[in-house]
Amino acid sequence: IDRFITYFKQIVNQLPNKLDEKLSRLEIISAEERQQLLYDFNNTKVDYSKGKTISQLFEEQVERTPDNIAIVYGFESITYLELNKQANQFARYLINSGDANQEIIGVLHEYSLDVYIGILAVLKIGKAYLPIDSSLPDARIQFMLKDSCVKTIITSNQEDRNINNFADQIVLINTDIINEFEPVNLNLNIPRTSPVYVIYTSGSTGVPKGIVVDNRALVNLCFSHNSYYGVSYHDRVIKYAGFGFDASIWEIFPGLIVGSSLYIIEERIKYDEDKVNEYFNSRNITISFLPTQFCERFMNCKNKSLRILLTGGDKLKYYRKNEYKLYNNYGPTENTVVSTRFQVDNIEDNIPIGKPLENIQVYILDK
């Protein structure tokens, strides 16, 4: 009530000088509230940059935890040291074959560990990768490749679908070929401003558009995430989101710069909350992102392993208290996956999207 009295006084005090002005054009908030809304709430500055790229931070982590398991898929796994070696070899192969001259390189996801060797190799040569979900319709893939001018696609299995129609060159991640190259770090001078990935929007409001994100933005997301949630080499993180969805970036990279293990959930179980919960419990998964609608169902399961559950992508309408902490997240692809977060606790409806992350500003506007 006091605040609205202040608004009323603010309007009345302006009227003598603005009799011809529309009421909607008058300023209702005080100078103090303007300061709070624009600056105090957005005082999020933290120096996370360290002046390094995401691939450099990964290489530093390899030195710290070489024998930690980096990625697990099914019964296969790869250590940090082996992942780094093979990514280095494949990066040199790309340079040798001339693919390093392209600014963006496509990576077709076929559910294998090799795909992540390909992603890291692209980053190590200072290029951006375009994730292509193999389940997408041909027309969608062709649009993305044409729009982004991608000429080369990296894949782990050329036989799964006829991808030769999509790009000028298909590069298979073949260990027999890349073993001919040096496994040591390339140590290229890659600018922090260089693009690291391209994600295409859904196109729900028109033609899909490619969002280019650079190393600075991704590094900030990773440091913000790891610092806030206390992510470490003890954690086991789930890769659940679709490969072409920006949440997959959020799942992959923060853990790889602190030594966590990334578990790629199998497609056959990912829409069954009971089977997903069983997978989490049996593998002692500690951190997971789940899309909003699936998360609402999953909260009814009795999970024993998680310490943090992240959700986002739609309005969260349901909450059930569990042993783990639940965080509701919001953010457009253009702003590097996540812009705000909120720890949900004892709230049954109108669940907020929270406050801005480090080095993010949020402004609430009219139409």
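Reader: In this predicted model, does one describe the way H3 passes H5 as a left-handed or a right-handed crossing?

Author: The crossing in which H3 passes H5 is left-handed. As a general idea, two packed helices are described by the angle between their axes and the distance between the axes. In the present case, helix H3 (residues 54–64) and helix H5 (residues 114–124) have axes that come within 8 Å and cross at roughly 120 degrees.

Reader: Which residues make the contact of H3 with H5, and how is that contact made up by class?

Author: From H3 the contact takes Ile54, Ser55, Phe58 and Glu59, while H5 contributes Leu120, Leu123 and Lys124. Sorted by class, these comprise 4 nonpolar, 1 polar and 2 charged residues.

Reader: Which residues of H3 are buried, and what covers them?

Author: The buried residues in H3 are Ile54, Ser55, Leu57, Phe58, Glu59, Gln61 and Val62. Their cover includes H4 and H5, together with strand S7 (195–200), helix H8 (215–229) and helix H9 (247–256). A view from H4 adds some detail, for Asn84 is found in that helix, which spans residues 80–97. Because its relative accessible area is 6%, under the 20% limit, Asn84 counts as buried. Beyond its neighbours within four places in sequence, Asn84 is in contact with Phe58, Glu59 and Val62, and also with Lys124, Pro183 and Asn185.

Reader: When reading the largest nonpolar core, which of its residues touch the most other members?

Author: That core has 70 residues, and Phe90, Tyr129 and Phe253 are the ones that touch the most other members. H5 gives the most to this core, namely 8 residues. For Tyr129, once neighbours within four places in sequence are left aside, the contacts include Ile105, Val107, Ile119, Val122, Leu123, Val196 and Phe253. A second core, separate from this one and made of 24 residues, includes Tyr263, Val276, Ile285 and Cys295.

Reader: How many residues of strand S3 are buried, and which strand does S3 pair with in the parallel sense?

Author: Strand S3 (residues 104–109) has 6 of its 6 residues buried. On one side the buried residues are Ile104, Gly106 and Leu108, and on the other they are Ile105, Val107 and His109, so that both faces are covered, given that buried means under 20% relative accessible area. S3 pairs in the parallel sense with strand S4 (residues 128–133) over 6 bridges, and within this pairing Val107 stands opposite Pro131 in S4.

Reader: What should one look for in the phi values of Val337 and Asn359?

Author: Most residues other than glycine have a negative phi. Val337 has a positive phi, near 70 degrees, and Asn359, which is not a glycine, also has a positive phi, of about 65 degrees. Val337 lies in the loop between strand S13 (325–330) and strand S14 (340–344), and is buried, with a relative accessible area of 6%. Asn359, by contrast, is placed in the segment after S15 and counts as partly exposed because its relative accessibility is 25%.

Reader: Is Glu358 buried or exposed, and which residues does Glu358 touch?

Author: Glu358, in the segment after strand S15 (355–356), counts as buried because its relative accessibility is 15%. Setting aside residues up to four places away in sequence, Glu358 touches Thr44, Val46, Tyr48, Asn220, Ser224 and Arg341. Separation in sequence and separation in space can both be read for a chosen pair: Glu358 and Tyr271 are 87 residues apart in sequence and 32 Å apart in space, C-alpha to C-alpha.

Definitions and conventions. Residues numbered from 1 in each chain as written. Predicted model: local features only at pLDDT ≥ 70, side-chain atom pairs only at ≥ 80, totals over all residues. Heavy atoms only, no water. Axes fitted to C-alpha atoms, helices over the stretch in contact; angles between N-to-C directions. Helix = DSSP H or I, 4+ residues; strand = E, 2+ residues; numbered from the N terminus. Left-handed = near helix turned anticlockwise from the far one by under 90°. Contact = heavy atoms within 4.5 Å. Nonpolar A, V, L, I, M, F, W, Y, C, P; charged D, E, K, R; others polar. Core = buried A, V, L, I, M, F, W, Y, C linked by side-chain atoms within 4.5 Å. Buried < 20%, exposed > 50% of the residue type's maximum accessible area, 1.4 Å probe, protein only. Pairing = 2+ DSSP bridges.
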